[in-house]
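Trainee: Could you walk me through this one, starting with the aromatic rings?

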Amino acid sequence: MEVFENAVEISGFYPGSFPEGFCGYYAEERDGTLYVGFRFSAVFGFLEPGDFDVTIPVQGKIREVVLKTKTMESRIWPTETEGDAEPDGCGVYVRLERGGVSSIALHGGRFTCVRQNADGSALETGGWEFMGGEEIAQLSREENRSVLFTVSARAADGAVLADGSFLYDAALEKLYVTISEDGVTCFTSDAPGAPADVPSVLTLPILDEIDADVMLGTAGSSLSAVRAASKLLDWGANSGLGADEVGDAASTWLANKNDDLSACIQKLELVDSACRDLLTDGARELLDTAGCADTDITWGSELPEPVEAVMQAAGLRQPGGA
């Protein structure tokens, strides 16, 4: 890629397009950022499987180029080595210290930033990369609370190589995250030898599954709740997590739901009710009806403590009782 005074040239190969071929692009220039997307069509698949070489005219000075797809945005220029200037904005900075990483993602609330090369090649190591997070910083300031965020690294095949979750507090302004063979670590300083003084936060992916899978206000609500409940009960019986740590993690998860909090609690209410039904003698029939005929019943006749902790965190229990 080359960025000139009045144009940006981009060439490469987009492997995710096969069997469709490149047939054009769209671009939007806004506040110094050039947003670019590529169009692909099966008609061109045999001619140009995924190669592209375009020159995009621009009106003003371009500070960064962002690749847009249907599901995400990722900055493709400047690269890590070109972006090594001393960071000066609030947010999260990431440094890659291991090889074989095809993409890095920062997710917090409704904000997601993905860093990857346009051709899908491995990212270079070294140097602090500003991953954004202004939205996270703003949310922390406006609501006067810490905001949960996750940094993850993936290989070219999509496999997660490392991930870690932390809390961002606007009072800290900047957080620095390193991704190495040993995992993901967070610091309040980018000075060499600085201690890893930001503790990682336990996350509960099972709650994200419930939020995504349980439907509200539809004919299939109860069946979707049964399917989610079976997963939650199995997780609770086999997670090995203590009730206190699960309760704290669930409280953090709920606190970061913002406008979606009410809907999340309604979904947990449905799942809680379904869990109780799955503790009875009619569990097998209920699972079969919900399309879970292959699900083994691995739980007993009482709610596992981690499940109970989730429901308590959601306020679905009276103090001192179930």
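**Aromatic pairs, sheet and cores**

Mentor: Sure: searching the whole structure turns up 4 aromatic pairs. Rings of Phe, Tyr and Trp (its six-membered ring) pair if their centres lie within 6.5 Å; planes under 30 degrees apart are stacked, over 60 edge-to-face, and the rest tilted. Bear in mind that this is a predicted model, where local features need pLDDT of at least 70, side-chain atom pairs count only at pLDDT 80 or more, and totals for chains, interfaces and linings use all residues. Residues are numbered from 1 along each chain as its sequence is written, and side-chain values use heavy atoms, with hydrogens and water left out.

Trainee: What kind of aromatic pair do Trp128 and Tyr176 form?

Mentor: Their ring centres are 5.1 Å apart. The planes make an angle of 65°, and that makes the pair edge-to-face.

Trainee: Where in the chain do Trp128 and Tyr176 sit, and how many residues apart are they?

Mentor: Helices (H or I, at least four residues) and strands (E, at least two) are DSSP runs, numbered from the N terminus. Trp128 is in the loop between strand 10 (111-116) and strand 11, while Tyr176 belongs to strand 14. The pair links distant parts of the chain, 48 residues apart.

Trainee: Is Tyr176 buried or exposed?

Mentor: Buried means under 20% relative accessible area, exposed over 50%, partly exposed in between (1.4 Å probe, protein chains only). Tyr176 has 5% relative accessibility, so the verdict is buried.

Trainee: Which residue in strand 15 is the bridge partner of Val177?

Mentor: Two strands pair if DSSP finds at least two bridges between them. Strand 14 (residues 174-180) and strand 15 run antiparallel to each other over 5 bridges. Within strand 15, the partner of Val177 is Cys186.

Trainee: Which helix gives the most residues to the largest nonpolar core?

Mentor: A nonpolar core is a set of buried Ala, Val, Leu, Ile, Met, Phe, Trp, Tyr and Cys residues joined through side-chain atoms within 4.5 Å. The largest has 35 residues, and Leu207, Leu232 and Val271 have the most contacts inside it. Among the elements giving two or more residues are helix 2 (205-213) and helix 3 (221-238). The top contributor, with 7 residues, is helix 3.

Trainee: Which residues does Leu207 touch, not counting those up to four places away in sequence?

Mentor: Contact means heavy atoms within 4.5 Å. With those sequence neighbours set aside, Leu207 touches Ala250, Trp253, Leu268 and Val310.
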